[in-house]
Amino acid sequence: MLRLTWRDRLRDVAVGAGVGALVLGIGGRSAMRGIAILSGAPPSFSFGGSLRVVLLGALAGLVGGLILLGLRALLPKRWLIQTLLFYVMILLITLRGLRPIDAQRLMLFLPLVLAYGFLVRTLTRRRRPVSEEALVES
């Protein structure tokens with residue numbers, strides 16, 4: 001079993017925040033723009049508003065990283081159950097935040113959340129250390 005150090009935990013939370021800023025923040029801002037275009041709203045851009053969305057994406061990503069750490073602590077040897085619970089939790093949080101829930105918002109935001117989950121799970125994956133015997137044999 002791999003033991004998580006504080007450095008590993010901090011890295012996982014930082015990965016969650018960074019991926020959140022990129023995927024949930026910038027991607028979320030793009031999805032919001034898509035909703036405006038589809039609804040026929042006039043084009044507008046605010047640096048402050050866009051920065052706020054990116055920072056909220058980073059905060060949401062940080063929370064996702066903390067959720068993943070908690071699941072790893074509770075279920076250390078259950079990778080599949082960790083992953084399923086992680087996806088369920090971030091999807092439920094997303095659905096809670098989408099108001100009103102309609103097909104347009106689901107079509108634009110759910111792929112972002114799934115991409116976030118995939119990237120965070122992939123980038124924070126633990127690799128088993130290679131034994132010296134395996135290195136000698138190869």
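Helices and strands are here runs assigned by DSSP, with at least four residues for a helix and at least two for a strand, and they are numbered from the N terminus. With that in mind, colour the whole chain by secondary structure: from the N terminus on, the elements run α-α-α-α-α, so that the protein has 5 helices and 0 strands under this definition. Please keep in view throughout that this is a predicted model.

**The whole chain**

Before selecting anything smaller, consider the protein in full, where 32% of the 138 residues count as buried. Among the contacts with a separation of 6 or more, 74% are accounted for by residues 24 or more positions apart.

**Stop 1: the segment before H1**

Select Arg3, which is found in the segment before H1. Arg3 counts as exposed, because its relative accessibility is 72% and the cut-off for exposed is over 50%. Now add Ala73 to the selection and draw a C-alpha to C-alpha distance: Arg3 and Ala73 are 10.0 Å apart in space, although 70 residues apart in sequence.

**Stop 2: two positions in H1**

Move on to Asp12, which is found in helix H1. Is Asp12 buried or exposed? With a relative accessible area of 2%, Asp12 is buried, since buried means under 20%. If its neighbours within four places in sequence are left aside, Asp12 is in contact with Gly65, Leu69, Arg72, Thr124 and Arg126, so showing these residues as sticks will display its surroundings.

Next select Val15, whose place is also in helix H1, and which counts as buried at 17% relative accessibility. Residues up to four places away not being counted, Val15 touches Leu123 and Thr124. The C-alpha atoms of Val15 and Gly65 are 7.3 Å apart, with the two positions 50 residues apart in sequence numbering.

**Stop 3: H2 against H4**

Select residues 47-74 for helix H2 and residues 103-123 for helix H4; these two pack at an angle of about 50°, with their axes 11 Å apart. H2 and H4 are therefore oblique to each other, and their crossing is right-handed. On the H2 side the contact is made by Ala60, Gly61, Gly64, Gly65, Leu68 and Arg72, and on the H4 side by Tyr116, Val120 and Arg121. Coloured by residue class, the contact of H2 with H4 divides into 4 nonpolar, 3 polar and 2 charged residues.

**Stop 4: H3 against H4**

Keep H4 on display and bring in helix H3, residues 79-97. H3 and H4 pack at an angle of about 150°, with their axes 10 Å apart, and the crossing of this pair is right-handed. Which residues make the contact of H3 and H4? From H3 they are Trp79, Gln82, Thr83, Phe86, Tyr87, Ile90, Leu91, Thr94 and Leu95, while from H4 they are Leu106, Leu110, Val113, Leu114, Tyr116, Gly117, Phe118, Val120 and Arg121. The residues of this contact divide into 13 nonpolar, 4 polar and 1 charged.

Within H3, centre the view on Gln82, which is buried, with a relative accessible area of 4%. Not counting residues up to four places away in sequence, Gln82 touches Leu71, Arg72, Leu75, Pro76 and Arg121.

**Stop 5: the loop between H3 and H4**

Follow the chain out of H3 to Pro100, which lies in the loop between H3 and H4. Here it is worth showing the backbone atoms, for a cis peptide bond joins Arg99 and Pro100, with omega about -10°. As background, most peptide bonds are trans.

**Stop 6: the nonpolar core**

Finish with the largest nonpolar core, which has 17 residues. Those with the most contacts inside this core are Val19, Phe86, Phe109, Tyr116 and Val120, and they make a convenient selection to begin with. Helices H1 (6-39), H2, H3 and H4 each supply at least two residues of the core, and the largest share, 6 residues, comes from H1.

For a last close view, centre on Phe109 and display Gly28, Ala31, Met32, Ile35 and Leu98, which Phe109 touches when residues up to four places away in sequence are not counted.

Conventions
Residues numbered from 1 in each chain as written. Predicted model: local features only at pLDDT ≥ 70, side-chain atom pairs only at ≥ 80, totals over all residues. Heavy atoms only, no water. Axes fitted to C-alpha atoms, helices over the stretch in contact; angles between N-to-C directions. Parallel < 35°, antiparallel > 145°, perpendicular 65-115°, else oblique. Left-handed = near helix turned anticlockwise from the far one by under 90°. Contact = heavy atoms within 4.5 Å. Nonpolar A, V, L, I, M, F, W, Y, C, P; charged D, E, K, R; others polar. Core = buried A, V, L, I, M, F, W, Y, C linked by side-chain atoms within 4.5 Å. Buried < 20%, exposed > 50% of the residue type's maximum accessible area, 1.4 Å probe, protein only.
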